[in-house]
Amino acid sequence: MNNTIKKGKNTAIIAHFTLIGAIIAIFMNAEPKNDFARFYTRQAFGLHLIFHAFALFLSQSFNEYAWYGLYVFYLVLWGYSFTGALANKKQEAPLVGPFFQKWFTFIS
């Protein structure tokens with residue numbers, strides 16, 4: 001296993017557990033900076049942010065099937081990202097992963 005991945009794996013995993021976990025991971029990766037941890041912190045932060053944004057939007061008008069869709073979308077992408085972190089591979093979440101890497105460049 002690559003030393004960079006080994007050192008950043010815990011931070012990458014913590015980032016996946018709630019939005020608070022992603023924020024904690026940002027601070028954990030402040031010094032020394034780790035590329036693997038940064039990649040997954042951006043992924044997880046983006047997934048949590050998108051989920052909460054759509055949940056706020058859906059809370060304005062209750063549509064049961066839209067909620068199901070949101071949860072399925074979130075859990076599938078979260079699971080894909082989380083298993084990538086566990087498997088020591090950088091794999092972007094389908095559809096949204098490349099955008100997270102561009103949008104959240106402040107996470108370094």
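1. Let me start with the loop between H2 and helix H3 (35–58), where Pro32 is found. The peptide bond that joins Glu31 to Pro32 is cis, with omega at about -10°. Please keep in mind, here and below, that this is a predicted model, and have a look at this bond yourself.

2. Now the overall fold. The protein chain has 5 helices and 0 strands, and along the sequence the pattern reads α-α-α-α-α. The C-alpha trace spans about 45 × 25 × 20 Å along its principal axes. How does the radius of gyration compare with that of a compact globule? For 108 residues such a globule would have a value near 13 Å, and the protein chain, at 14 Å, agrees with this.

3. A few totals go with that picture. Of the 108 residues in the protein chain, 43% are buried. Contacts between residues at least 6 apart in sequence are also worth a look: 68% of them join residues at least 24 apart. The accessible surface of the protein chain comes to about 6,400 Å², and carbon and sulfur atoms account for 68% of that surface.

4. Helix H4 (64–86) deserves its own point. H4 has 23 residues, and from its first C-alpha to its last it reaches 32 Å, close to the 33 Å expected at 1.5 Å a residue. Which residues of H4 are buried? They are Trp67, Leu70, Tyr74, Leu77, Trp78, Ser81, Phe82, Gly84 and Ala85. Helix H1 (3–15) and H3 are included in what covers these buried residues. As a reminder on such spacings, an α-helix has 3.6 residues a turn, so residues three or four places apart point the same way.

5. On the surface, I would draw your eye to a nonpolar patch formed by Ile14, Ile20, Ile23, Ile24, Phe27 and Met28. Together these residues have about 560 Å² of accessible area. Which helix gives the most to the patch? That is helix H2 (residues 18–28), with 5 residues.

6. Phe27, one of the patch residues, lies in helix H2. Is Phe27 buried or exposed? Its relative accessible area is 62%, and the cut-off for exposed is over 50%, so Phe27 counts as exposed. For comparison of position, take Ser81, which is among the buried residues of H4. Phe27 and Ser81 are 54 residues apart in sequence, and their C-alpha atoms are 20 Å apart in space.

7. Next, the charged pairs. Side chains of opposite charge can pair when their charged atoms come close. The structure holds 2 salt bridges, and Asp35, Arg38 and Lys90 are linked by them in a network. In one salt bridge the side chains of Asp35 and Arg38 meet at 2.5 Å, N to O. These two residues are 3 apart in helix H3, which means that about one helical turn separates them.

8. The other partner of Asp35 is Lys90: their side chains meet in a salt bridge at 2.2 Å, N to O. Why does this pair tie together parts that are 55 residues apart in sequence? Because Asp35 lies in helix H3, while Lys90 lies in the loop between H4 and H5. Asp35 is partly exposed, with a relative accessible area of 34%, and Lys90 is partly exposed as well, at 44%.

9. Finally, the backbone of the loop between helix H4 and helix H5 (97–103), which holds Asn88 and also Leu95. Neither is a glycine, yet Asn88 has a positive phi of about 65° and Leu95 a positive phi of about 75°. How exposed are they? Asn88 is partly exposed, with a relative accessible area of 22%. Leu95 is exposed, with a relative accessible area of 66%. I would be glad to hear how you read these two places.

Terms used
Residues numbered from 1 in each chain as written. Predicted model: local features only at pLDDT ≥ 70, side-chain atom pairs only at ≥ 80, totals over all residues. Heavy atoms only, no water. Patch = residues over 30% accessible without salt bridge, like charges linked within 9 Å, V, L, I, M, F, W, Y side chains within 5 Å. Areas by Shrake-Rupley, 256 points an atom, 1.4 Å probe, with all protein chains shown as cover. Salt bridge = Lys/Arg side-chain N within 4 Å of Asp/Glu carboxyl O. Helix = DSSP H or I, 4+ residues; strand = E, 2+ residues; numbered from the N terminus. Buried < 20%, exposed > 50% of the residue type's maximum accessible area, 1.4 Å probe, protein only. Rg over C-alpha atoms; globule rule 2.2 N^0.38 Å. Contact = heavy atoms within 4.5 Å. Expected span 1.5 Å × (residues − 1).
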